[in-house]
Amino acid sequence: MARGKKIVARPRPTASGLEDSSTGTSPSYPRAGESQQQLFQQIEAQAQAQATAAEEGASQPEAPPFVSECPSTASGIKRNFVWEHFIEYDKIEVQKDAEGNDIEIVHKRAYCKYCPRGKVGDFAVDSSKNGTSGMIRHINQNCRYYPPNVDKSQKNLAGDKSKGNRLTTVAYNQDEYLEACVEMIVIDELPFSFVEKKGFNRFCDKVCPLFDVPSRRKLCRTFLGKYDSSKKELKKILKQYRLSLTTDTWTSVQNVNYMVLTAHFIDIDWKMHKRVISFCVIQNHQGPTIGKLIESCLEQWRIEKVMCITVDNASANKSALEWLVSKMNRSSCYRQILNGRYMHVRCAAHITNLIVGHGLKRLQKSVLAIRNAVKFVRSSPNRLDTFKKAVERQKIPCRGLVCLDVPTRWNRTYLMLEAGLKFKKAFTLMLADEDSSFAAYFKEPEEEYDDDGNVVPSRNKRNRVGPPEDEDWDKAEVFVDFLRVFYDVTLRVSASLHPTVHTTFHDVITMEKNIESMFVLPGFATGTETEQVLMDMAGNMRSRWLKYYGSFHEINHMVIIGLVLDARFKLKNVTHIFTSEGLDDDEVKRRTLEIRNLLMALYDQYVIHVDGGRHMVRQGSPSSSCSTLTSRSSNSRGGVRGQLLNDWRKVVQSSAEAVVAHEVDQYLNGPLEFTDDEDCFDILCWWKVNGPKFPVLAAIARDVLAIQTSTVASESCFSTGGRVIDTFRSSLTPKTVEGLICMQSWMLGDEIAEIQDDCTIENIEFYEAVEHEHESTASSKNVCPPPVPRAKGKGKSVAAGNSSNFKLLSSLVDV
């Protein structure tokens, strides 16, 4: 109904085909698609619900006293259109008669369906006394909640939860509502057909009747448009930073191969971010195919600066990155770091899984016996109740229960063994109980499954392994203590929202020390079976560790650079680790110098882009401790001035002042940061505070600390992908799937602090010219100075006179 259109009483045909203008007292005509019986049932249900609430003493302050809604009992049907907007009820009033007895007087009334229950919108509707003119006037003019009467441009007060529920003014905006609906579909992983469900439409009718619920087609079109616009904005942001990437491949339930690519970076406010930039179909898992698809994604996003790419240990990934590095080195579109020599980073979590999995083979029988015991408890509610009774009888002070593992995930096996050890006495009690079916469970044949996961009769008729004996529990106890270190390492390297590269080298050394501790010296050996099994397991794990980490050159040196950039350790800790590994002094010096030379090579490449290269640039032999002062202007000019600068350069080379003046030496020779709690040290916060003192190293740290040492950030997308690309939604196109995965990552990520203007000499000269023009035309000395350019997000100022801030921000734009 259009706004301002009057509702008039007009006759409507009755069931017999005649016209009657009587207002009557019976319910209104049903709406389209509803029968009269359905309408009566709804009204009766509402009346019955309120009557029940009144009997139970429920408080309804918005309703008048002594009210019970009920359907009309008149014989006719209401002919006036106004009854589509009102609900009739009986108001019961208790009075005293002449003899003092209580009598009930029923007043026929009706209230507006849109207004809150109260005096406003409540009318007497006795057919013998009242008409409908007041009700028509209320709907046409006075009802502020009737949708045609609502001024969509009128702003209302509402609480903004993002601002601490602060009151703010909001107005109806169909585009904003539609965008919020798209965000709900993406974030909560709902199907597009969700907006066509009856429940959602009924909810919108109650909460926001003005919202025009879109169809599935319109919602999908809006989503694709929002995805394209968001992608365009993200491209501009990512171009400012050097990215570290993680990638992984996966096969869906429809046997379609997907590859995901996730970008990681640290913004100007020293906050770490990750964004999924690709989730696309890949033909196969071969190396050249992976490399070409990564290159295609980089070209699509116009990404020119890549620091490292983290992949798992598959041979196809190694060949893919070799192909990609060679292609990037031949192209002028990419700005590589040291020709991409350190681009390939292997997933530490995947290598840890291989090391531990190789050792688990020796404990396969004991682990299988405990797994079957846990499977018995989890197989039926009756068996779980039996287990709980055994726990109560043993008075085990533990609230949790046992959990079943995933045989292909060693960390889940660790959690299963750790939980099972707490209930060792309960399992022993169930085994001794003759009434329990626990012992008989292990006499049944081992279950086998078909391709669809259904249980099929066993072919080999082999009984289940178990029940677990004392020796199995002893092995599990020792193994859990031994495996806790690897479990903690996996959790630490799997983080993706804070740096992990600066702790990975320590984690590698920790795993080595833990493996070596399992070997018993011949003089202390007892010869028990448990001891022999654990020593064999440690031997298997050490062979795997030596394969991946045994050689110093097998570890990506950027991982060690991350440790050097940690102010608690620096290069001194690297030297200490090499010494503790038992290397001779010459080997320790050689390896330490190799790491230092790598840091200096990074410095030489970054310093060119930071402040126009006006910092100390190291030249000469790698072992030289002096640095050379170079300038972009001195390289481009000759003559007498060039000769003067060359003479001064020679003086600086023979002076020890260059060592002190060099930024790398200032950092490495500075005092170390000591903290009582390792977890309390925030390395990003430290560089945010101390970055102005080391502008070039801060630019290096911003890129190095964003390197991921595991592919968990990319693998986590596949858990989402399993829900998005299920058997019921296989009709989704690859582009829609990619948009759903990527958009969810972008929406759930924190806001990225952006650089508003490029920090160039031209921009600074422009602002200086504006300032001089303002000063010359100002009529008063009290005029406020022009605002300083600020960075979006956290209010970082970019002052032209602050050279250190200028150096930091220039490095973000150019490096």
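Two rings of Phe, Tyr or Trp (for Trp, the six-membered ring) form an aromatic pair if their centres lie within 6.5 Å. By that criterion, the structure holds 26 aromatic pairs. One of them joins W545 and Y549 in a tilted arrangement, at 6.2 Å centre to centre and with 55° between the planes. The model on display is predicted, and the tour returns to this pair after a view of the whole.

**The whole chain**

Display the protein as a cartoon, coloured by secondary structure. It comprises 29 helices and 17 strands. Of its 815 residues, 43% are buried. A surface representation covers about 43900 Å² of exposed area, of which carbon and sulfur atoms supply 50%. Among contacts with a separation of 6 or more, 67% are between residues 24 or more positions apart.

**First stop: helix α16**

Select residues 529–549, which constitute helix α16. Show the side chains of W545 and Y549, which are four residues apart, about one turn of the helix. Both W545 and Y549 are buried. A pair of aromatic rings is described by two quantities, the distance of the centres and the angle of the planes. For W545 and Y549 the angle is 55°; the pair counts as tilted because stacked requires planes under 30 degrees apart and edge-to-face requires over 60.

**Second stop: an aromatic cluster**

Next, select F376, F387, F423, F427, F438, Y441, F442 and W473 together. These residues form one aromatic cluster.

**Third stop: H273 in strand β11**

Move to residues 272–281, strand β11, and centre the view on H273. Is H273 buried or exposed? H273 counts as buried because its relative accessibility is 1%, and the cut-off for buried is under 20%. Show the side chain of D267 as well: a polar contact of 2.9 Å joins it to the side chain of H273. To complete the surroundings, add the other residues that H273 touches beyond four places in sequence; the full set is A263, H264, F265, D267, D750, E751 and I752.

**Last stop: a patch on helix α28**

Finally, select residues 761–777, helix α28, in which V770 lies. Which residues make a nonpolar surface patch with V770? The partners are F766 and Y767, and the patch made by the three residues has an area of about 260 Å². V770 counts as partly exposed because its relative accessibility is 37%, a value in the range between the cut-offs of 20% for buried and 50% for exposed.

Notes. Residues numbered from 1 in each chain as written. Predicted model: local features only at pLDDT ≥ 70, side-chain atom pairs only at ≥ 80, totals over all residues. Heavy atoms only, no water. Patch = residues over 30% accessible without salt bridge, like charges linked within 9 Å, V, L, I, M, F, W, Y side chains within 5 Å. Areas by Shrake-Rupley, 256 points an atom, 1.4 Å probe, with all protein chains shown as cover. Salt bridge = Lys/Arg side-chain N within 4 Å of Asp/Glu carboxyl O. Helix = DSSP H or I, 4+ residues; strand = E, 2+ residues; numbered from the N terminus. Buried < 20%, exposed > 50% of the residue type's maximum accessible area, 1.4 Å probe, protein only. Polar contact = N/O pair within 3.5 Å; in protein donor to acceptor, adjacent residues only side chain to side chain. Contact = heavy atoms within 4.5 Å.
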